[in-house]
Amino acid sequence: MSKTQCFHCSLPAPEPVVFFAEVEGKQQPMCCPGCKAVTEAIIAGGLENYYQHRTESANPIADLSQRILEELRIYDRPEIQKDFVQPADNTKSDDSRLVANLLIEGITCAACVWLLENHLQSLDGVERVIVNLSTHEAQVTWHSDQIPLSDILLAIHRIGYKAYPWRADHQEAMLKQENRTFIRRLAVAGLGAMQVMMYAIALYSGAISNDMPEMYRNLLRVVSAMVATPVVFYAAAPFFKTAWRNIKTRHLGMDVPVSIAIGGAYLASLWATFFANGEVYYDSVSMFTFFLLTGRYLELRARHATARAARALTNLMPPSCLKEIDGEFVRVPVSELQPNDKVRILPGDAIPADGILLSGSTSVNESMLTGEYLPIEKQTGDTLLCSSLNVDHPVEIQVTKIGDETRVASIIKLLQRAQQDKPAIAKLADKVAGWFVAAVLLVAICVYWGWSGVAPEDAFWITLSVLVVTCPCALSLATPAALTAATGYLHKLGLLVTRGHVLEGLHTIDHVIFDKTGTLTKGELSLTQVIPIEDCTQSLDQLTAMAAALEAHSEHPIARAFSITSQTFTASEVKNHLGMGIEGTINQQQLRIGRPDFAFPQSTLKTPESDGKWLLLADDNKPLCWFRITDSLRPEAAATVKRLQKMGKTVILLSGDTESIVANTAESLGINQWQAESSPDDKLSYIQNLQSKSHKVLMVGDGINDVPVLAGADISMAMGNSSDLARTSADAVLISGNLERLADAFNLTTKTRRIIGQNLAWALGYNLAALPLAAAGMIAPWMAATGMALSSLIVVANALRLSRSAKPTHSSGNQHADTFTKEAVV
């Protein structure tokens, strides 16, 4: 055996020693690359005194906490912190407060969030801790002159979690691993439950008929124990781990009685199996574990979808761009850009940074940032925003802002901040569960103590009956079962609820805020009005068909508004004038359509005052016709607004469109409160201002620009044709596109809360009624397990009544359906 010991951990180092680290000018032997790396990190951090004053070896058994602390000291170095730590206030140079963005491994439920936040905030020097259940991210604000970051990380480790500097790739890998592990646990529980139930049926049949030979009964019990064992020790492991963590931190959660029931029933079943004394409950243990894991897996999937929301925003930014170097444009990574660089943007390319247009003109699609559905014309000197799309022709910009300073980066920060500050709507069951769990455990202890003095041989079985009969299965199912039935019903109607708190919280909503484009409107350009010029001799159909023939040669979004028109003409010699319009020949007549100064430069006609985009069609001699392109209202929008207002909700319109367009839209829908030209920052501020006045806000939107406010609202809803990011960030998705389903959801909320109340009353009533009977020894464990199952079935059956809710109300009004108005100017 090797006699050379590792200098760091004192374990034997293999001969010949191949790893060394320099300590105080001397090469010390290392057993592995890990110890070498840790030693070098300790020395580089100026912590040589650790080796001078340590009294024991740095091995895992000698002093694990000290070793972990020394390894974490590297995160106190400023050059390491620069990637995940920022000053809490950049305006104060003497402020010692720092904010660290961490990724926490091991979070499984809301109880984990509660534990982390309360434990860390109890540390001296820690000012604020916000843990996001969906993304596993933690934002820690602390005073660096009072406590080092390594002490905070060690405190996290000591309560059973691991913390790392936040990195997108690390987060994605962790979420994938969590998903794989959960699927494996779910598969083990599902397969085990099905298999054990087969044996349980045979055992029950044999017990009823009393003709099963004891040898076969014992064999089935042993096989059932073998199948149930991996279910308990692997599939149910998260329950035991969380329960133990809760007990250590003196916080009673639902996992405490769940773990006691699973573990107690399993151990009692093992005792009955190998000592032929008592009943077995392997089927109850396996099925209970499987059902609990199924519910938590559905919650896990929803949380993971939210975790990908912020990362999706970064995909809007192009990976490379054409940068001018020595008079030539060379493709380089966007990360190499600096302010004042000159960049060329080709048609169809995304703009890599915020910048100023140096020359020429183009149209830019900024819908993902501003919500404006029409491409915006940009002239020399105008600002172009990072991640917007160049529509027309090549342009060159001078970079003004890069990276975290760009507009899209600010939206990402708003999203993260809004998600972290999002208020949690506590479940009604959780308010009762803590006290209920404490009472059950106290009663169980008293029952065991009491029966130990009367009939010691029966004390364990009676106590087990108490735990099983009062196991909060029905209590834990009361709220989720009703929510599942209600959300399933809404899904059939076309409203997909992706967060459990939606139906619980809708009854508190008093303000409903709508975005305009793509929400109250269809988000699609359409031809809504044709106005021929006074002395025009062509018919309206002919004018429209000629315009469609020209627009058929364009890829511009406006051209799609003419695509529904029948093509009775064919245009030839067509030329696209970028940012201006199109010209071509139809039946030997030269025609132009587009901006008035392009279609007929010498014209003195005034553009009609109605909202929308106005195009002029003209020939070489005179203007012919005006075409109005708009985004039309949804047919049910007005009826939905009216229904919401009758329910007592305040309806507000927030939009990035111009004031005149928003004002007209609000007036046509009967909305009294509105705000135009609203940026994502403005919308989020508006929401937070309402919330500061104790109002509860529901936000309905569809674009990426709505993501921060969707995340910041108490409840959020995205339209079915929304961006992927908006749908992921929202609490519900209106997949049918019918706004009236929102009003139906409010109606269903009242019935859902009533069902939840009934379920909770039954679950508590059953437990309170059965508890004294079990404590008196009048209920055997098998009777307790049967009662537990029946109680859960009653709760589920009551919740299923929500699936038979009345059919939704449909609006009969169609006054805002698409219109195609043809008018003549007299």
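Start at tryptophan 271, which sits in helix α10. This is a predicted model, and that tryptophan belongs to a nonpolar patch on the surface. From there, the briefing moves to two open sheets, one mixed and one antiparallel, and then to the salt bridges, which number 12.

**The nonpolar patch**

- The patch is made of Val222, Met226, Trp271, Phe274 and Phe275, and together they have about 570 Å² of accessible area.
- Two helices, α8 (214-235) and α10 (255-275), each put in at least two of the patch residues.
- Helix α10 gives the most, with 3 residues.
- Tryptophan 271 counts as partly exposed because its relative accessibility is 43%, and the partly exposed class lies between 20% and 50%.

**The antiparallel sheet**

- Here 6 strands line up as β9-β8-β10-β16-β11-β14 in an open sheet, with antiparallel pairing.
- Its edge strands are β9 and β14 (383-384), each of which pairs on one side only.
- Strands β8 (residues 320-325) and β9 (residues 328-333) run antiparallel and are joined by 6 bridges.
- Across that pairing, serine 320 faces proline 333 in β9.
- The β8 and β9 hairpin has 2 residues between the strands, and aspartate 326 there takes a positive phi near 55°.
- β8 also pairs with strand β10 (residues 342-345), again in the antiparallel sense, over 2 bridges.
- In this second pairing, lysine 323 stands opposite valine 343 in β10.

**The mixed sheet**

- This open sheet has 7 strands in the order β17-β29-β28-β27-β18-β25-β26, and its pairing is mixed.
- The edges are β17 (496-497) and β26 (673-675), each with pairing on one side only.
- Inside the sheet order, strands β27 (residues 697-701) and β28 (residues 715-719) pair in the parallel sense over 4 bridges.
- Valine 700 has methionine 717 in β28 as its bridge partner.
- Helix α22 (residues 659-669) lies across β25 (650-654) and β26, and runs at about 160° to β26.

**Salt bridges**

- As background, side chains of opposite charge can pair when their charged atoms come close.
- Which side chain does lysine 323 meet in a salt bridge? Its partner is aspartate 341, at 3.3 Å from N to O.
- Lysine 323 is in strand β8 and aspartate 341 is in the loop between β9 and β10, so this pair ties together parts that are 18 residues apart in sequence.
- Are these two partners buried or exposed? Lysine 323 counts as buried at 15% relative accessibility, and aspartate 341 counts as buried too, at 14%.
- Glutamate 377 and arginine 595 form another salt bridge, 3.0 Å from N to O.
- That pair links distant parts of the chain, with glutamate 377 in strand β13 (residues 376-378) and arginine 595 in the loop between β22 (589-594) and α20 (596-599), 218 residues apart.
- Glutamate 377 is partly exposed, with a relative accessible area of 29%, and arginine 595 is partly exposed at 23% relative accessibility.
- Aspartate 714 pairs with lysine 696, and their closest N and O atoms are 3.9 Å apart.
- Both partners sit in loops: aspartate 714 between α24 (707-712) and β28, lysine 696 between α23 (680-692) and β27.
- At 5% relative accessibility aspartate 714 counts as buried, whereas lysine 696 counts as partly exposed at 33%.
- Arg643, Glu740, Arg741 and Asp744 are joined into one network by salt bridges that share partners.

Definitions and conventions. Residues are numbered from 1 along each chain as its sequence is written. This is a predicted model: local features need pLDDT of at least 70, side-chain atom pairs count only at pLDDT 80 or more; totals for chains, interfaces and linings use all residues. Side-chain values use heavy atoms; hydrogens and water are left out. Patches are made of residues with over 30% relative accessible area and no salt bridge: like charges are joined within 9 Å, nonpolar side chains (Val, Leu, Ile, Met, Phe, Trp, Tyr) within 5 Å. Accessible areas come from the Shrake-Rupley method with a 1.4 Å probe; for residues, only the protein chains shown count as cover. A salt bridge is a side-chain nitrogen of Lys or Arg within 4 Å of a carboxyl oxygen of Asp or Glu. Buried means under 20% relative accessible area, exposed over 50%, partly exposed in between (1.4 Å probe, protein chains only). Two strands pair if DSSP finds at least two bridges between them. Contact means heavy atoms within 4.5 Å. Axes are lines fitted to C-alpha atoms, for helices over the stretch in contact, and angles run from 0 to 180 degrees between N-to-C directions.
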